[in-house]
Amino acid sequence: MKTAYLKFCPDKTVSHISKEIYGHFSEHLGRCIYNGIYVGKDSKIPNTDGIRNDVVSSLKEIGLPVLRWPGGCFADEYHWKNGVGDKRTPMLNSNWGGIVEDNSFGTHEFFSLCEMLDCEAYLAANMGSGSVSELSRWLEYITYDGDSPSALERKSNGREKPWRLKYLGIGNESWGCGGSMSAQSYCDTYRHYQTFAKNYSTPDMMKIACGPNADDYSWTETLMQNLKPWHTDAISLHYYTIPTGDWQHKGSATSFSDEEYYDTIRSTLYMDEIITKHSAIMDKYDPESKIKLAVDEWGCWYDVEEGTNPGFLYQQNTMRDAIVAAINLNIFNNHSSRVSMANLAQVMNVLQAVLLSEGEKLVKTPTWYVFKLFLAHHDSELVKTSLAAPEIGDNLPMLSLSLSKKGESFLLSVSNCSLDEDCSLLLDPEHGCIKNAQAQILTADKDVYNDFDSPERVSISDYDRFSSDSAFTLTVPKRSVVSLSFEV
Ligand code: AHR
């Protein structure tokens with residue numbers, strides 16, 4: 001067994017971990033919305049106004065704090081007017097599967113979902129093929145409390161009170177599917193759009209500009225030169241974990257070698273480097289961290305499951321995905337002075353989903369369990385730590401961890417990515433000693449997953465391999481995610 005050593009000062013907190021780091025993303029893509037979250041009022045599957053009850057309760061269990069909608073690339077071809085009122089106008093979803101959608105899930109249904117989940121709404125507005133006036137009318141429709149034309153239309157469509165809208169993204173991947181813009185032309189267009197993006201009932205709405213693709217540092221540099229805190233509250237970042245690094249052959253979700261597993265871990269750890277480098281650029285222009293980073297698309301992206309529509313991006317989710325989720329969430333916690341939100345792609349039936357469905361059956365993936373293990377990090381304070389941990393193979397850190405504090409309680413989340421070695425982690429607080437420790441674990445072979453016949457192959461168990469004989473020591477088994485709560 002290898003040994004690692006974690007030092008921390010129980011009183012030294014460094015930044016606030018916003019619960020919105022634990023956010024999710026719901027796009028009109030494959031079976032995320034239709035035949036996923038939304039089954040329609042007439043479905044035999046128990047629902048409330050067409051929204052699956054079991055989906056709502058499962059997402060509430062992980063305290064889903066913020067939901068991004070309607071895309072993704074879809075957002076830049078979405079025209080909201082087609083999705084309100086009694087008569088909906090169908091549309092072609094040209095990005096994903098080339099199917100025609102009937103627009104039965106629109107603004108009212110999305111905000112009802114957010115109210116059922118008790119979460120913040122994050123709208124991605126259409127800059128690519130929309131207009132400034134289309135966006136400003138949408139905001140008036142959603143947020144105006146009086147009798148303006150758009151508010152009256154909302155009322156006649158059955159919603160008297162405005163909805164709360166905390167986050168507005170303007171343009172998605174504007175360097176790609178959102179318009180193939182240069183950074184400079186995006187900034188000019190963004191500044192124009194945001195001027196007319198008025199929220200009438202949520203004055204603290206945060207505007208989010210389209211940030212870089214992965215490690216495109218020059219995009220960030222141009223944004224930071226052109227956008228000031230009075231234009232934008234955050235910029236986004238998209239980075240996906242691709243095991244092979246090849247978009248044409250990304251690798252299978254469930255069948256992969258040890259080597260491909262470690263390549264996946266290496267690819268996901270790159271998130272830390274790119275956040276560090278984007279943050280350094282942001283620090284130059286905004287040393288007070290007024291403009292935040294919203295990692296509003298992240299997760300593993302594999303080849304689709306055999307026999308499924310290639311445009312629907314449906315993939316299974318194994319213990320490998322759980323380790324990836326833990327690594328990323330720890331990275332976001334550790335960068336919480338700059339990272340204020342993150343949205344896993346995507347919430348259901350698409351990419352690294354937390355829920356998968358087949359007819360009326362619903363499965364919680366290993367990734368869902370990681371969100372459950374990390375719950376106590378929501379709106380906590382990050383504790384400064386210093387870790388001396390072994391490496392495996394070629395410079396791959398064996399452990400990923402973060403430590404937070406809420407009131408008197410601490411939560412340590414730690415994952416061991418090794419496939420064959422446990423690690424003994426010694427915890428050394430600068431003062432006091434660790435007491436009232438309790439732990440839970442998620443562990444399985446690297447390629448084990450939950451499916452509709454065996455929905456709980458990977459799930460959380462209580463865990464007691466820790467001791468405080470001379471020093472407090474926690475065993476972190478190979479390919480596991482452990483959460484340890486304690487007091488000092
Ligand atoms: O999540 C799938 C797609 O990935 C999104 O639509 C797009 O923003 C990104 O390229």
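This report walks through the two sheets of a predicted model and the helices that pack on them.

Residues are numbered from 1 along each chain as its sequence is written. Local features need pLDDT of at least 70 and side-chain atom pairs count only at pLDDT 80 or more, while totals for chains, interfaces and linings use all residues, and side-chain values use heavy atoms, with hydrogens and water left out.

**The barrel**

Let's start with the closed sheet. Eight strands form a barrel with parallel pairing, in the order β2-β5-β8-β9-β10-β11-β12-β13. Strands here are DSSP runs of E with at least two residues, helices are runs of H or I with at least four, and both are numbered from the N terminus; two strands pair if DSSP finds at least two bridges between them. On average, neighbouring strands of the barrel are turned by 25 degrees against each other, direction ignored. In the pairing of β8 with β9, Ala125 sits opposite Ile170.

**The open sheet**

The other sheet is open, with 10 strands and mixed pairing: β23-β22-β26-β20-β19-β16-β1-β21-β25-β24. β23 (461-463) and β24 (466-467) are at the edges with a single partner strand each, so one side of each has no neighbour in the sheet. Inside this sheet, Thr3 faces Ser424 of β21.

Here are some strand pairs side by side, one of them a hairpin.

| Strands | Sense | Bridges |
|---|---|---|
| β8 (residues 120-125) and β9 (residues 167-170) | parallel | four |
| β1 (residues 2-17) and β21 (residues 423-429) | parallel | seven |
| β14 (residues 355-358) and β15 (residues 361-364) | antiparallel | four |

In the β14 and β15 hairpin, two residues lie between the strands, and Gly359 has a positive phi near 55 degrees. Leu355 has Lys364 of β15 as its bridge partner.

**Helices on the sheets**

Helix α8 touches both sheets. In the barrel, α8 lies across β11, β12 and β13 at about 170 degrees to β12; angles run from 0 to 180 degrees between N-to-C directions, with axes fitted to C-alpha atoms, for helices over the stretch in contact. In the open sheet, α8 (residues 319-334) touches β1, β16, β19, β20, β22 and β26, and makes about 50 degrees with β19. Contact means heavy atoms within 4.5 Å.

Helix α9 (residues 366-373) packs on the open sheet too, touching β20, β22 and β26 at about 170 degrees to β22.

Finally, the axes of α6 (residues 217-226) and α7 (residues 258-285) come within 9 Å and cross at roughly 25 degrees. These two helices are therefore roughly parallel (angles under 35 degrees count as such).

Conventions. Parallel < 35°, antiparallel > 145°, perpendicular 65-115°, else oblique.
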